[in-house]
Amino acid sequence: MNPTNQSQTSPKSLVFILMLAMAVIATACAESDETPTSIAAESTPEPVVPVAATLMPVPTLQSYVEVENWSSANASGILWASPNGVAIDADDNVYTTEFQGNRVRKFSPEGELLLEWGGSGRDNGKFDAPTGIAIGPEGNIFVSESGNSRVQKFTADGDWIATFGSLGRNDGQFESAMVLAISDEGLIYVTDWGGGRINVFTTEGDVVGTLLSFSQEPGGLSNPTGIKIGPEGNLWVVDRGNNRIQKFTIDGELLDHWGEVGDAPGQFRTPTSINFDSNGKFVVSEFRGNRLQQFTPDGQLIGEIAPGTFQGPHGLSFDSTGALYATDTGHHVIRKFVTK
């Protein structure tokens with residue numbers, strides 16, 4: 001081996017190796033500095049910008065004050081036998097039916113008894129379990145009878161005019177005629193509690209036809225009771241057996257429905273009647289729920305009227321001043337509430 005050649009070659013090799021190693025280290029450090037910066041940038045969340053919430057207006061319950069002893073203050077000795085239906089004429093006179101009393105009574109807005117007629121029986125002018133009552137376009141009085149499965153027509157003074165409907169399942173017949181509503185065009189819509197449908201007549205008693213049929217599905221009926229033509233001319237039905245309210249066109253096309261069985265706010269326990277105030281809000285009575293609930297025109301719950309004071313309420317009606325009349329059937333009294 002030549003020692004001179006070794007001393008000339010080794011330093012160059014060492015320098016080359018040293019320079020190569022430094023280059024590799026520098027490159028690694030540069031990559032190490034970039035990578036964490038890039039990851040940190042990608043993982044930094046975007047700042048959250050608060051969005052202002054759109055708050056829906058909270059519906060306000062109409063404030064009512066009850067008129068104490070409305071039907072007895074100006075008519076002493078008045079006794080009731082399961083009052084059921086109530087209707088108001090153009091002069092704000094109040095007409096009532098009594099399910100067990102088998103009569104119709106007429107009161108002034110102040111509660112003075114003006115007239116009564118009826119009595120138990122099947123003859124014209126007599127009643128068997130009258131339930132619904134409505135005022136026709138000409139001021140005549142129409143009364144539906146559950147027991148006699150028919151509708152009777154009277155003058156405003158109680159004179160009998162006509163009888164139509166009978167027991168059966170054909171058009172114009174009833175298994176149990178319950179409540180009626182009358183359109184401005186003079187058509188009468190009568191719920192058939194036992195038949196799960198609605199019979200339609202003219203105010204002269206001619207049969208027009210039948211709407212809907214029994215079903216638990218939306219659009220069908222089970223033991224329908226209350227019925228009313230709403231502010232926009234649609235047909236609103238209390239579907240008692242299904243514990244809901246249904247809204248139809250006047251021809252029976254389903255538009256909407258609300259409710260389910262229960263005791264919570266907005267639920268129903270055997271609903272019975274429905275009616276509308278001048279602003280389109282509606283009130284529903286509940287026979288087993290023992291309450292009146294008020295809703296907006298689109299079905300949003302507003303609240304309960306006079307909570308804890310009713311026993312099996314049925315009929316509802318508003319007069320021209322906005323006063324609400326309710327038949328408190330279980331307590332055998334008609335109650336009047338005026339707005340504050």
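Visitor: Which backbone oxygen lies 2.9 Å from a polar atom of the side chain of threonine 327?

Guide: A polar contact is a pair of N or O atoms within 3.5 Å, where within protein one must be able to donate a hydrogen and the other to accept it, and residues adjacent in sequence count only if both atoms are side-chain atoms. Here the partner is the backbone oxygen of asparagine 84, and the side chain of threonine 327 also reaches the backbone nitrogen of glycine 315 at 2.7 Å. This is a predicted model, in which local features need pLDDT of at least 70 and side-chain atom pairs count only at pLDDT 80 or more, while totals for chains, interfaces and linings use all residues. Residues are numbered from 1 along each chain as its sequence is written, and side-chain values use heavy atoms, with hydrogens and water left out.

Visitor: How many residues along the chain lie between the positions of threonine 327 and asparagine 84, and what separates their C-alpha atoms?

Guide: The two are 243 residues apart along the chain, yet their C-alpha atoms are separated by 5.9 Å. Counting contact as heavy atoms within 4.5 Å, and leaving out residues up to four places away in sequence, threonine 327 touches several residues, including Pro83, Asn84, His314 and Gly315.

Visitor: Is threonine 327 buried or exposed?

Guide: Buried means under 20% relative accessible area, exposed over 50%, and partly exposed in between, with a 1.4 Å probe and protein chains only. Threonine 327, at 0%, is buried, and its place is in strand S25, residues 324-328; strands (E, at least two residues) and helices (H or I, at least four) are DSSP runs, numbered from the N terminus.

Visitor: Where is glutamate 286 found, and which side chain makes a polar contact with its own?

Guide: Glutamate 286 is found in strand S21, residues 282-286, and is likewise buried, with a relative accessible area of 0%. Its side chain makes a polar contact with the side chain of arginine 291 at 2.5 Å, and among the residues that glutamate 286 touches, not counting those up to four places away in sequence, are Gln267, Arg269, Gly312 and Pro313.

Visitor: How many bridges join strand S4 to strand S5?

Guide: Two strands pair if DSSP finds at least two bridges between them. S4 (residues 103-107) and S5 (residues 113-118) run antiparallel and are joined by 5 bridges, with lysine 106 standing opposite leucine 115 in S5. The hairpin has 5 residues between the strands, and in it glycine 111 takes a positive phi near 100 degrees.
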